[in-house]
Amino acid sequence: MTSPTGRRSYGVKGAPYAFLLPATALFALFFALPIGYAVWLSFRKVHVSGLGLGAGARTEVWAGLENYKDALTDNEFYDGALRVLGYGCIVVPVMLGLALLFALMLDSERVRLAPFTRLAIFLPYAIPGVVAALLWGFLYLPDVSPFYYVLAKLHLPQPNLLDGGPLYLALSNIAVWGGTGFNMIVIYTSLRSIPAEVYEAAKLDGATPLQTALKIKIPMVAPSLVLTFFFSIIATLQVFNEPMTIKPFTNSVNLSWSPLMKVYQDAFRRGDIYSAAAEATLIAIATLVLSFGFLRAANRRNRRDVSQGGAQ
């Protein structure tokens, strides 16, 4: 193969694959291979002969769907899924609502100290999740929290945030505090990409800032909202750091508070990696089904809006 200049070029067709090779190898080695191994383990179990002592007393055998049946009928796994559902109903709308509100405020013409404000809102996301959970955990303890000290001085009620229903609010607050900044940056970046001519046309039509936000900005950043909602669903289904870190502060959080904590308990405390692999696979399937269903519904709605716009 020769180039227009007459020089011979080598490997032009294979160049893209050479660039993709490192990423593909890393994906296969650290993502696809562990997932495949976990799925394989989920169909296995240990068969114990006699007292389980001596060589050959414990053998790995084929279990079929037995581990999946046990996981789906396990009350701890089911209760953990319900807790995560309630947790997600608080975290996702509050976090995305605040992220959208902050992004709209930062995109306003009247905002001051915008760079500092963006950094202040984003900064909690830069703090590791375990560190953030520890910080909030101490703030929730009545004996060491400055909030409880102020409430006591003002003779106001001092709620126990680490027990009962308030525990969901306490855990949700950690996630909202840490994740709002990231989602705000995604939405704000999308807002900054809107052409200035659109805003100028809205001003000429007499639109107020509120009308501009509701009628122009929010509809045009809808893809970013879909993306952040998608990420939030995945993060909610895989919640682990917050309840696991808060557990030493309260007895209301057990070792199976969330499905992922149940996986950790079975794998590293009970030593049953086969049941843990089945539970992890079920979590991955639930994440895939919910994410795919949401994206499909969002794409269907976008196509319908486009077709209606074209018809008009």
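These legends describe an overall view and several close-ups of a predicted model.

**Figure 1. The whole chain, with 13 helices and 2 strands.**
The chain has 312 residues, and 33% of them are buried. Its C-alpha trace spans about 85 × 85 × 40 Å along the principal axes. The radius of gyration is 26 Å, whereas a compact globule of 312 residues would have one near 20 Å. Among contacts with a separation of 6 or more, 64% join residues 24 or more positions apart. The chain exposes about 19,700 Å², and carbon and sulfur atoms supply 67% of that area.

**Figure 2. Ser42 and its surroundings in helix H1.**
Helix H1 covers residues 15-42, and Ser42 belongs to it. Is Ser42 buried or exposed? Ser42 is buried, because its relative accessible area is 0% and the limit for buried is under 20%. The side chain of Ser42 reaches the backbone oxygen of Val39 at 2.5 Å. A polar contact of 2.6 Å also joins the Ser42 side chain to that of Tyr68. Leaving aside residues up to four places away in sequence, Ser42 touches Gly64, Asn67, Tyr68, Tyr274, Ala277, Ala278 and Thr281.

**Figure 3. A nonpolar patch on the surface.**
Four names make up this view: Leu26, Leu29, Phe30 and Leu33. Together they have about 450 Å² of accessible area. Leu29 sits in helix H1. Leu29 is partly exposed, with a relative accessible area of 48%.

**Figure 4. A salt bridge between Glu60 and Arg44.**
The structure holds 9 salt bridges. In this one, the side chains of Glu60 and Arg44 meet at 3.1 Å, N to O. Glu60 lies in strand S2 (residues 58-62) and Arg44 in strand S1 (residues 44-48), so the pair links distant parts of the chain, 16 residues apart. How do the partners stand in accessibility, buried or partly exposed? Glu60 is partly exposed, with a relative accessible area of 32%. Arg44 is buried, at 17%.

**Figure 5. A salt bridge between Lys262 and Asp74.**
The two side chains, those of Lys262 and Asp74, meet at 2.9 Å, N to O. Where do the partners lie? Lys262 is in helix H12 (residues 259-269). Asp74 is in the loop between helix H2 (66-72) and helix H3 (75-106). The pair therefore ties together parts that are 188 residues apart in sequence. Lys262 counts as buried, with 1% relative accessibility. Asp74 counts as partly exposed, with 21%.

**Figure 6. A salt bridge between Asp107 and Arg192.**
The side chains of Asp107 and Arg192 meet at 3.2 Å, N to O. Asp107 lies in the loop between H3 and helix H4 (114-126). Arg192 belongs to helix H7 (residues 166-192). The pair therefore ties together parts that are 85 residues apart in sequence. Asp107 counts as buried because its relative accessibility is 8%. Arg192 counts as exposed because its value is 54%.

**Figure 7. A network of salt bridges.**
Which residues are joined into one network by salt bridges that share partners? They are Asp74, Lys262, Asp266, Arg270, Asp272 and Glu279. Asp74 and Lys262 also appear as the pair with the 2.9 Å salt bridge.

Definitions and conventions: Residues are numbered from 1 along each chain as its sequence is written. This is a predicted model: local features need pLDDT of at least 70, side-chain atom pairs count only at pLDDT 80 or more; totals for chains, interfaces and linings use all residues. Side-chain values use heavy atoms; hydrogens and water are left out. Helices (H or I, at least four residues) and strands (E, at least two) are DSSP runs, numbered from the N terminus. Buried means under 20% relative accessible area, exposed over 50%, partly exposed in between (1.4 Å probe, protein chains only). A polar contact is a pair of N or O atoms within 3.5 Å; within protein, one must be able to donate a hydrogen and the other to accept it, and residues adjacent in sequence count only if both atoms are side-chain atoms. Contact means heavy atoms within 4.5 Å. Patches are made of residues with over 30% relative accessible area and no salt bridge: like charges are joined within 9 Å, nonpolar side chains (Val, Leu, Ile, Met, Phe, Trp, Tyr) within 5 Å. Accessible areas come from the Shrake-Rupley method with a 1.4 Å probe; for residues, only the protein chains shown count as cover. The radius of gyration is taken over C-alpha atoms; the globule rule is 2.2 Å times the number of residues to the power 0.38.
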